[in-house]
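Work through the following exercises with the model open beside you. Each one sets a task and is followed by a solution in steps.

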Amino acid sequence: MVGWSRLLSPAAKFASYRAVLQEPACRNALQQQLRRMGGDHGHHQMVIKPSRFQWDKFKDLIHFYVMLGVIPVTALVLYANIFVGPAQLAEIPEGYEPKHWEYEKHPITRFISRYILNSEQQNYEKSLHYLYEENEKAQIRLLEDEVRRKMSERNDYQAYYYRPSVAKYHRISKEAADELEALRGD
């Protein structure tokens, strides 16, 4: 109990001065605190202010990642525009079929088209495959509906599939039945 009273007495004192601390004059005085330094060489003061560590760290990281990303990309774009330049139209040689990235004008878009994106032909064939798969699923659904209709029409039961059984367990149960019959006798 003695420890609790030691903690409560400063809180009680702070509560009594709370109204005084809320006044504007006192608030300004708290914001402009100075630490007076001893010595004989004039005014030695240190302004006490809140830490700016998080803000400075944020700015440092922003500058770091800008330097890491923006400057190399800018250098690459400048190199591509100054030294490589846009593509020129030319006659296609006899028997040569141009690749899909050779139709792009800018060297960066040619690089992206060649190494990152799919060609238009590949996208077209992927969409055709998707349509083929969906058509196969639709045909299977139609066939299943036809089977169900025939089963209901003929009062049949659902047995349009075959479930294979494992013969190992059938042999074990047959041997056990034979042993029981031998023990029982007649």
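**Exercise 1. Decide whether V77 is buried, partly exposed or exposed, and say where V77 sits.**

Step 1. In this predicted model, V77 has a relative accessible area of 31%.
Step 2. The buried class ends under 20% and the exposed class begins over 50%, so V77, at 31%, counts as partly exposed.
Step 3. As for its place in the chain, V77 belongs to helix 4, which covers residues 53-84.
Step 4. A partner farther along the sequence can be added to the picture: V77 and I108 are 31 residues apart in sequence, while their C-alpha atoms are 7.8 Å apart in space.

**Exercise 2. Compare the span of helix 4 with its expected span, then find where helix 4 bends.**

Step 1. Helix 4 consists of 32 residues, and the distance from its first C-alpha to its last is 45 Å.
Step 2. At 1.5 Å a residue one would expect 46 Å, and the span found in the model is close to that value.
Step 3. The helix nevertheless has a bend of about 30 degrees, which is located at M67.
Step 4. Just after the end of helix 4 comes G85, whose phi is positive, at about 80 degrees.

**Exercise 3. Set the UniProt annotation of residues 62-84 beside the model.**

Step 1. An unreviewed UniProt entry lists residues 62-84 under the name "transmembrane region", and such an annotation may be inferred rather than shown by experiment.
Step 2. In the model, the chain over residues 62-84 is 100% helix and 0% strand.
Step 3. The C-alpha atoms at the two ends of this stretch are 31 Å apart.

**Exercise 4. Classify the ring pairs F64 with Y65 and Y79 with F83 by the angle between their planes.**

Step 1. The count of aromatic pairs comes to 4. Among them, F64 and Y65 have ring centres 5.0 Å apart and planes at 70 degrees, and because an angle over 60 degrees counts as edge-to-face, this pair is edge-to-face.
Step 2. The rings of Y79 and F83 lie 5.3 Å apart, centre to centre, with 40 degrees between their planes, and the pair is therefore tilted, being neither under 30 nor over 60 degrees.
Step 3. Y79 and F83 are 4 residues apart in helix 4, so about one helical turn separates them. In general, an α-helix has 3.6 residues a turn, so residues three or four places apart point the same way.
Step 4. For the accessibility of the four residues, F64 is partly exposed at 46% and Y65 is exposed at 53%, whereas Y79 is partly exposed at 47% and F83 is exposed at 63%.

**Exercise 5. Describe the surroundings of S113.**

Step 1. S113 lies in helix 5, which is formed by residues 107-115.
Step 2. Its relative accessible area is 9%, and because this is under 20%, S113 counts as buried.
Step 3. Once neighbours within four places in sequence are left aside, S113 is in contact with H100, W101 and E104.

**Exercise 6. Summarise the whole chain, from its elements to its surface.**

Step 1. The chain contains 7 helices and 2 strands, which follow one another from the N terminus as α-α-α-β-β-α-α-α-α.
Step 2. Of its 186 residues, 4% count as buried.
Step 3. Among contacts between residues at least 6 apart in sequence, 12% join residues at least 24 apart.
Step 4. The chain exposes about 18,000 Å², and carbon and sulfur atoms supply 60% of this area.

Key. Residues are numbered from 1 along each chain as its sequence is written. This is a predicted model: local features need pLDDT of at least 70, side-chain atom pairs count only at pLDDT 80 or more; totals for chains, interfaces and linings use all residues. Side-chain values use heavy atoms; hydrogens and water are left out. Buried means under 20% relative accessible area, exposed over 50%, partly exposed in between (1.4 Å probe, protein chains only). Contact means heavy atoms within 4.5 Å. Accessible areas come from the Shrake-Rupley method with a 1.4 Å probe; for residues, only the protein chains shown count as cover. Rings of Phe, Tyr and Trp (its six-membered ring) pair if their centres lie within 6.5 Å; planes under 30 degrees apart count as stacked, over 60 as edge-to-face and the rest as tilted. The expected span of a helix is 1.5 Å times one less than its number of residues. The bend at a residue is the angle between axes fitted to the seven residues ending there and the seven starting there.
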